Amino acid sequence: MCQHQTPCPSAESADRESARLMAHHPEQGWSLLCNGVVLFEDTGELLPDGRVIAPHRPLASSQVMTAA
């Protein structure tokens, strides 16, 4: 799929999010990467084969609860 020299990581790679942007729609909350991955602003992903990667945004320190 990717025609870049050095090719972008494949959709199956752990570093798939580092592929180049092909389309960016911040008003709709998503971007299309060169490897076919749709990346959502909540850090969720839709892979070209239809698999869904749940959002994996780190929690802000104000959202982390600690036990007393």
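The following conversation concerns a predicted model of a protein.

Visitor: How many helices and strands does the protein have?
Guide: The secondary structure consists of zero helices and five strands. Read from the N terminus, the order of elements is β-β-β-β-β.

Visitor: And what share of the residues is buried?
Guide: Of the 68 residues in the protein, 24% are buried.

Visitor: Which residues make up the largest nonpolar core?
Guide: That core has seven residues in all: C8, A11, A19, L33, C34, V37 and L47.

Visitor: Staying with C8, what is it in contact with, leaving aside neighbours within four places in sequence?
Guide: With those neighbours set aside, C8 is in contact with C2, A19, R20 and C34. Among these partners, A19 and C34 also belong to the largest nonpolar core, as does C8.

Visitor: Turning to the surface, how much area does the protein expose?
Guide: The exposed area is about 5,100 Å², and 58% of it is supplied by carbon and sulfur atoms.

Visitor: Which residues make the nonpolar surface patch?
Guide: F40, L46 and V52 form a nonpolar patch of about 250 Å² on the surface.

Visitor: Where does V52 lie?
Guide: V52 is part of strand 5, which covers residues 52-53.

Visitor: Why does V52 count as exposed?
Guide: V52 counts as exposed because its relative accessibility is 63%, and the cut-off for that class is over 50%.

Visitor: One more topic: among contacts between residues at least 6 apart in sequence, what share joins residues at least 24 apart?
Guide: For the protein, that share is 20%.

Note on methods: Residues numbered from 1 in each chain as written. Predicted model: local features only at pLDDT ≥ 70, side-chain atom pairs only at ≥ 80, totals over all residues. Heavy atoms only, no water. Patch = residues over 30% accessible without salt bridge, like charges linked within 9 Å, V, L, I, M, F, W, Y side chains within 5 Å. Areas by Shrake-Rupley, 256 points an atom, 1.4 Å probe, with all protein chains shown as cover. Salt bridge = Lys/Arg side-chain N within 4 Å of Asp/Glu carboxyl O. Helix = DSSP H or I, 4+ residues; strand = E, 2+ residues; numbered from the N terminus. Buried < 20%, exposed > 50% of the residue type's maximum accessible area, 1.4 Å probe, protein only. Contact = heavy atoms within 4.5 Å. Core = buried A, V, L, I, M, F, W, Y, C linked by side-chain atoms within 4.5 Å.
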